[in-house]
Amino acid sequence: MRIVRVDIYKLNIPFLTPLKVALGVIEGAKNVAIRIVTDSEIVGWGEASPFPAITGDSQEGSYLMSRRLAVEIVGKDPLAIEDRIREINMITVSEPSIRSAFDMALYDILAKAAKLPLYQLFGGGKRTIRTSLTIGLQDTVEQTVARAENILTLGFEALKLKVGRPGLEDVAHVKAVRELAGPDVQLKIDSNQGWDYPTAVANIRAMTSFNLQYSEQPIAAWDLENLKRLRDKVRIPICADESMFDDKDALKLMAIGAADYLNIKLGKAGGLHTALKINAIAEAAGCKCMVGCFGESRLALSAATHLTMARPNICFHDLDSAFLLKDDPVEGGMSYDKETGGLIQLSDDPGHGAAFDESYLEGRVSVES
């Protein structure tokens with residue numbers, strides 16, 4: 001098999017409501033779509049969703065870099081993923097979002113060639129997966145509670161609260177949502193690096209009785225020493241997100257004991273190839289993982305769902321970004337059960353099962369052999 005063409009597009013879809021986090025405001029999907037076409041007529045789709053404040057890349061940068069990556073792999077065997085990923089990583093070790101898009105398109109082709117859904121290609125079986133739904137930073141406790149009430153009405157069994165406000169302002173928001181939700185709804189918080197070490201200690205201690213699953217990235221990504229100190233000092237588990245991009249970061253975090261859980265995002269890891277390594281390292285260290293997202297549509301979320309379906313060590317799921325989009329540009333792939341809140345449905349179509357409706361795509365550029 002040989003790659004004969006790579007098509008590159010931009011995808012722009014606003015969120016229903018902008019999502020405010022400690023690092024800024026996410027207005028919607030400003031993504032890049034990749035289609036890899038082979039001489040056997042098998043096509044693979046991928047999606048990049050850059051978030052500059054975390055991944056350091058952008059839609060425009062990913063769009064430009066995709067042409068260089070396409071030139072490197074066109075004319076070559078898409079099934080030799082180890083070789084293709086190595087070649088891509090030799091061009092850039094940054095730009096994780098667009099590397100992820102090429103990675104998931106290649107795995108889509110591999111699974112289609114094997115006539116298997118991607119989770120089966122990875123050796124997994126079907127299991128129940130539910131996603132949480134995220135509440136961004138609201139100005140008042142009343143607004144936070146109103147948003148939580150709407151989500152609970154939809155049947156979601158897990159909520160993530162964005163925190164990272166000054167002082168102890170977050171405590172009232174989290175307490176109010178716990179009181180509304182009752183004891184059985186899973187509740188977790190994500191600071192997006194919004195606290196310094198003393199503020200993190202004070203907040204997490206004040207929230208100890210709220211039965212939180214974990215505190216995600218409470219302090220600066222680079223501050224691993226204090227992340228470990230924090231984990232040793234508080235009773236709520238610590239989840240590393242921005243501190244952990246790839247398998248090398250995972251190994252370092254496990255070696256120093258800085259996190260209870262690791263948040264795998266394909267857009268940070270550069271794709272499924274590295275995500276599998278991260279999970280293996282975490283599992284060997286006795287550490288559970290979650291899979292998260294940025295502003296992806298259901299296409300990239302489909303690839304992430306296949307990953308988590310195949311690896312039971314991934315037990316937390318934050319795959320809600322497509323739920324926030326005003327339009328759905330994807331055909332096939334994962335879907336949300338509208339009657340059961342966060343329950344995710346996944347078909348057994350070969351590959352990751354998703355493709356873009358091209359009417360939503362713009363700015364097509366093609367690189368051919």
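The expected span of a helix is taken here as 1.5 Å times one less than its number of residues. Helices (H or I, at least four residues) and strands (E, at least two) are DSSP runs, numbered from the N terminus. This is a predicted model, in which local features need pLDDT of at least 70 and side-chain atom pairs count only at pLDDT 80 or more, while totals for chains, interfaces and linings use all residues. Residues are numbered from 1 along each chain as its sequence is written, and side-chain values use heavy atoms, with hydrogens and water left out.

**Helices H2 and H12**

Helix H2 (residues 59-73) has 15 residues and should therefore span 21 Å at 1.5 Å a residue, which agrees with the 21 Å between its end C-alpha atoms. Its buried residues (buried means under 20% relative accessible area, exposed over 50%, partly exposed in between, with a 1.4 Å probe and protein chains only) are Gln59, Ser62, Tyr63, Met65, Ser66, Leu69, Ala70 and Ile73. An α-helix has 3.6 residues a turn, so residues three or four places apart point the same way. The buried residues of H2 pack, by contact (heavy atoms within 4.5 Å), against strands E1 (3-21), E2 (24-38) and E16 (361-368) and against helices H3 (81-91) and H4 (96-113). Just after H2 comes glycine 75, with a positive phi of about 90°.

For helix H12 (residues 272-284), the 13 residues should span 18 Å at 1.5 Å a residue, and the end C-alpha atoms are 18 Å apart, in agreement. The buried residues of H12 are Leu272, His273, Thr274, Ala275, Leu276, Ile278, Asn279 and Ala282, and the helix is followed by glycine 286, whose phi is positive, near 75°.

**Helix pairs**

Axes are lines fitted to C-alpha atoms, for helices over the stretch in contact, and angles run from 0 to 180 degrees between N-to-C directions. Angles under 35 degrees count as roughly parallel, over 145 as roughly antiparallel, 65 to 115 as roughly perpendicular and the rest as oblique. H4 and H12 pack at about 90° with their axes 8 Å apart, which makes H4 roughly perpendicular to H12. Asp103, Met104 and Tyr107 of H4 meet Leu272, His273 and Leu276 of H12 in this contact.

The axes of H9 (residues 224-233) and H10 (residues 247-256) come within 10 Å and cross at roughly 45°, so the two helices are oblique to each other. The contact is formed by Leu224, Leu227 and Lys228 of H9 together with Lys252, Leu253 and Ile256 of H10.

**Individual residues**

Three residues in other parts of the chain are set out below.

| Residue | Location | Relative accessible area | C-alpha separation |
|---|---|---|---|
| Valine 43 | strand E3 (residues 43-48) | 21%, partly exposed | 31 Å to isoleucine 281 |
| Serine 132 | loop between H5 (118-121) and E4 (133-135) | 1%, buried | 8.7 Å to leucine 187 |
| Alanine 181 | helix H7 (residues 169-181) | 18%, buried | 8.0 Å to alanine 148 |

Leaving aside residues up to four places away in sequence, valine 43 touches Arg35, Ile36, Val37, Asp108, Ile109 and Lys112. On the same basis, serine 132 touches Phe156, Ala158, Leu159, Lys160, Lys188, His317, Asp318 and Asp320.
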